[in-house]
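Hi,

Here is the structure I said I would send over. Have a look at it first, and then read on for what turned up in it.

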Amino acid sequence: MRGNPRYPERGKKAYACAQYEKTLSLDELLDYIVLHGSAFRKGDYGAVISTLAEAMADKMAEGYKIDLAEMGQFYPTLECEGADTMADFNPDKHIKAVNVNWKPGNDFKNLKQRAAFREDLTRRMQKDALKADRKRWEKGEEEGQA
């Protein structure tokens, strides 16, 4: 249950929160690809991904958008502070970062249909349950030593 801090009078509502089983490494993803009927070897995919990432970074730094079809479009955006006048604007001072945005392609547009949803404990409930388990374990350990 969460409320909106701007409108506390509206009360709290139940919201879904994405929780992750784990972070899948590139190596694990490549294993998955190879094990599901690929004609190429794991090292081939690793080399392509590494080369693709380097080329994309180079071209985005030059101001290009990159369209990877089903994966989507990747494009640079700027994190910037304003200057009082055009004459005062200094890129080295005012541009704080260059970020990469992603517009999903067709393979990513219907993730809701692919995803499985289930009700799990909230993070706070998980934390409280772990604390309770730890206290029970510590209490049981102390009783066993006495």
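Is lysine 22 buried or exposed? Lysine 22 is exposed, because its relative accessible area is 52% and anything over 50% counts that way. Before you go further, please keep in mind that this is a predicted model.

Salt bridges

Lysine 22 is a good way into the charged pairs, since it has a partner: glutamate 28 forms a salt bridge with lysine 22, and their closest N and O atoms are 2.6 Å apart. Glutamate 28 itself is partly exposed, with a relative accessibility of 30%. Searching the whole structure gives seven salt bridges, and I'll go through two others here.

The next one is between lysine 42 and aspartate 31, with 2.7 Å between the closest N and O atoms. Lysine 42 sits in helix 2 and aspartate 31 in helix 1, so this pair ties together parts that are eleven residues apart in sequence. Both ends are partly exposed: lysine 42 has a relative accessible area of 27%, and aspartate 31 comes in at 32%. There is also a network here, as salt bridges link Asp27, Asp31 and Lys42.

Then there is the bridge between the side chains of glutamate 62 and lysine 59, at 2.9 Å from N to O. Glutamate 62 counts as exposed at 52% relative accessibility, whereas lysine 59 is partly exposed at 32%.

Helix 2 and what follows

Helix 2 covers residues 42-61, which is 20 residues. From its first C-alpha to its last, helix 2 reaches 29 Å, close to the 28 Å expected at 1.5 Å a residue. Just after helix 2 you will find glycine 63, which takes a positive phi of about 100 degrees.

Surface patches

Which residues make the nonpolar surface patch? They are Leu24, Leu26, Leu29, Tyr32 and Ile49, and the patch comes to about 460 Å². Helix 1, residues 26-35, gives the most to this nonpolar patch, with three residues. If you are looking for tyrosine 32, it is in helix 1.

There is a positive surface patch as well, formed by Lys12, Arg124, Lys127, Lys131, Arg134 and Lys135. Which helix gives the largest share of the positive patch? That is helix 6, residues 123-145, with five residues. If you want to see how such residues can line up, an α-helix has 3.6 residues a turn, so residues three or four places apart point the same way. Lysine 127 is one of the patch residues and lies in helix 6. Lysine 127 is exposed, because its relative accessible area is 52% and the cut-off is over 50%.

Alanine 14

One last spot to click on is alanine 14, in the loop between strand 2 (12-13) and helix 1. At 63% relative accessibility, alanine 14 is exposed. Alanine 14 and arginine 2 are twelve residues apart in sequence, and their C-alpha atoms are 6.4 Å apart in space.

Best wishes

How values were computed:
Residues numbered from 1 in each chain as written. Predicted model: local features only at pLDDT ≥ 70, side-chain atom pairs only at ≥ 80, totals over all residues. Heavy atoms only, no water. Patch = residues over 30% accessible without salt bridge, like charges linked within 9 Å, V, L, I, M, F, W, Y side chains within 5 Å. Areas by Shrake-Rupley, 256 points an atom, 1.4 Å probe, with all protein chains shown as cover. Salt bridge = Lys/Arg side-chain N within 4 Å of Asp/Glu carboxyl O. Helix = DSSP H or I, 4+ residues; strand = E, 2+ residues; numbered from the N terminus. Expected span 1.5 Å × (residues − 1). Lys, Arg positive; Asp, Glu negative; His and termini not counted. Charge placed at Lys NZ, Arg CZ, Asp CG, Glu CD. Buried < 20%, exposed > 50% of the residue type's maximum accessible area, 1.4 Å probe, protein only.
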